[in-house]
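Colleague: Before I use this model at the bench, I would like to go through the terms used to describe it. Please take them one by one.

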Amino acid sequence: MLEIQIAGAGAGKTHELAQTIIKHINTINDHKVIFALTYTNSATEKIYSEILKSLGYIPNNVVIETVHSFLLNKIIYPFSFYILGDKYNNCSTISLKDEKNSYKGQKIKRLKLKNIIHSEKIYNISKQIIDENNRKHSNKEKKAKVRFILDLLQAKIAKIFIDEVQDLDSDGLETFNIIAKKCSDVYMIGDPKQAIKYSNALIDFIRKVESETYVILHPINNVTRRVPSEILAISNRFCYPNQKQNSINQNKGILKYLESTHPQFIKIIHEYIKKHIVCIDKKQGRYSTSKHIKVTFPDFIEEKIKAYPSKLDKNLLVKAAHIDFLEEIQQSNIEKAIQDLQAKYSFRLKEAEYAEFSSQFSKNPKNIFNISSIDSIKGLDSDSCVIILSLNIYNYLIQNNLPQKNKFNKVWKQVYVALTRAKQELIIVIDHELLEKENIDAMKIELEKLGFVPY
């Protein structure tokens with residue numbers, strides 16, 4: 001049996017999944033295992049936490065892991081050689097982004113020669129292994145091998161619960177469809193409105209299987225506990241017709257736009273970065289989506305800081321100084337930041353040292369803000385969410401002359417995700433540097449039509 005539950009942003013999908021798992025635990029009377037799967041390690045921790053809060057412990061017959069971990073350890077590593085003749089004993093997550101398809105293929109082949117599978121191939125290889133209708137299983141003997149594997153999986157698995165199922169591609173969805181049809185029950189919960197990487201995979205999959213007798217399509221959960229009504233009025237414009245949400249959040253919500261010409265702009269953004277979600281569709285201008293701003297202390301700076309008398313561990317002292325230094329750059333300028341660093345740790349740079357240290361900032365624009373990409377904030381929430389406006393996001397936000405083909409594509413769903421992170425306050429940033437060729441006054445008028453007011 002395959003159960004599918006669609007639930008929108010803020011509906012409490014992880015909590016609901018955990019409660020469903022808990023109800024199912026006592027029905028398992030044999031050696032079989034319940035698997036709770038999701039897309040990322042942080043999401044598995046949420047499921048772990050929800051079950052732990054309810055039961056006070058994690059039952060022995062419950063395994064919580066990522067989808068990739070499950071497919072690697074239960075299907076690919078043990079059975080790929082037996083079924084496909086390809087042996088894998090490790091997995092690589094090396095980035096193939098922006099690589100041409102021919103180069104991607106070459107890298108994947110080189111990894112395969114070392115018995116390493118690339119993470120991008122996990123769904124496809126898993127499907128090949130357990131799909132007896134795959135063209136590689138062309139005779140009775142090969143099909144019998146596949147059925148043997150399915151029997152082994154059936155003997156081990158009581159039920160599979162999958163959170164954030166919209167993050168699976170068509171091969172991943174079909175893999176679990178085969179398991180549901182041939183082996184063990186599968187329960188899927190997710191939100192196709194948040195399917196950024198594989199925009200149409202979940203919707204297409206549901207259309208394909210919804211009429212099958214082994215499939216139960218639960219009523220859509222369109223209630224949101226997180227998104228306030230004023231923000232919901234905007235995010236609902238990005239929902240499928242039957243998936244518009246109703247808010248039970250007591251807050252109406254706050255809608256503001258903040259211009260980079262605001263006298264306290266840098267300080268305001270810096271404060272939001274420290275406490276809330278600040279995001280952009282892709283790095284540009286003074287906004288970086290890297291995990292770390294690439295400004296380091298030279299060895300001679302570190303040595304001078306370590307020489308400062310302090311009870312702190314010397315390495316911790318340097319780390320603290322570095323954090324303070326980066327904050328100072330964002331709030332003032334490099335000259336003042338270096339001056340304050342010298343004063344705080346009682347040292348004086350020689351002219352050559354000063355020149356060497358300050359020169360690295362010519363490659364790093366002033367006031368670089370280290371923020372999140374929209375893709376990375378899915379599953380997160382905060383009292384406030386700040387969206388740095390790019391022209392592309394703006395056109396989608398106001399739905400300005402968008403062709404029909406752009407509906408529900410990747411950018412459309414990025415906008416929905418960004419709009420639904422805030423529990424109280426949604427702020428749109430109009431950075432004049434990013435939008436220097438645009439009519440800012442006209443953009444503000446359009447935002448005000450949606451309910452945004454000046455910061």
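**Terms and what backs them**

Modeller: This is a predicted model. The protein chain has 17 helices and 18 strands.

Colleague: What makes a run of residues such as 410-419 a helix here?

Modeller: A helix is a DSSP run of H or I with at least four residues. Helix α16 covers residues 410-419 and has ten residues, so the length requirement is met.

Colleague: Why is α16 called largely enclosed?

Modeller: Because nine of its ten residues are buried. Buried means under 20% relative accessible area. The buried residues are V411, W412, K413, Q414, V415, Y416, V417, A418 and L419.

Colleague: Which elements do the buried residues of α16 pack against?

Modeller: They pack against two helices, α9 (229-235) and α15 (391-397), and against the strands β12 (277-280), β16 (382-388) and β17 (422-430). Packing rests on contact, that is, heavy atoms within 4.5 Å.

Colleague: What makes the approach of N409 to V411 a polar contact?

Modeller: At the start of α16, a side-chain oxygen of N409 lies within 3.3 Å of the backbone nitrogen of V411. The cut-off for such an N or O pair is 3.5 Å, so the pair qualifies.

Colleague: And for the protein chain as a whole, how much counts as buried?

Modeller: Of its 455 residues, 49% count as buried.

Colleague: What share of the contacts between residues at least 6 apart in sequence joins residues at least 24 apart?

Modeller: In the protein chain that share is 77%.

How values were computed
Residues are numbered from 1 along each chain as its sequence is written. This is a predicted model: local features need pLDDT of at least 70, side-chain atom pairs count only at pLDDT 80 or more; totals for chains, interfaces and linings use all residues. Side-chain values use heavy atoms; hydrogens and water are left out. Buried means under 20% relative accessible area, exposed over 50%, partly exposed in between (1.4 Å probe, protein chains only). A polar contact is a pair of N or O atoms within 3.5 Å; within protein, one must be able to donate a hydrogen and the other to accept it, and residues adjacent in sequence count only if both atoms are side-chain atoms.
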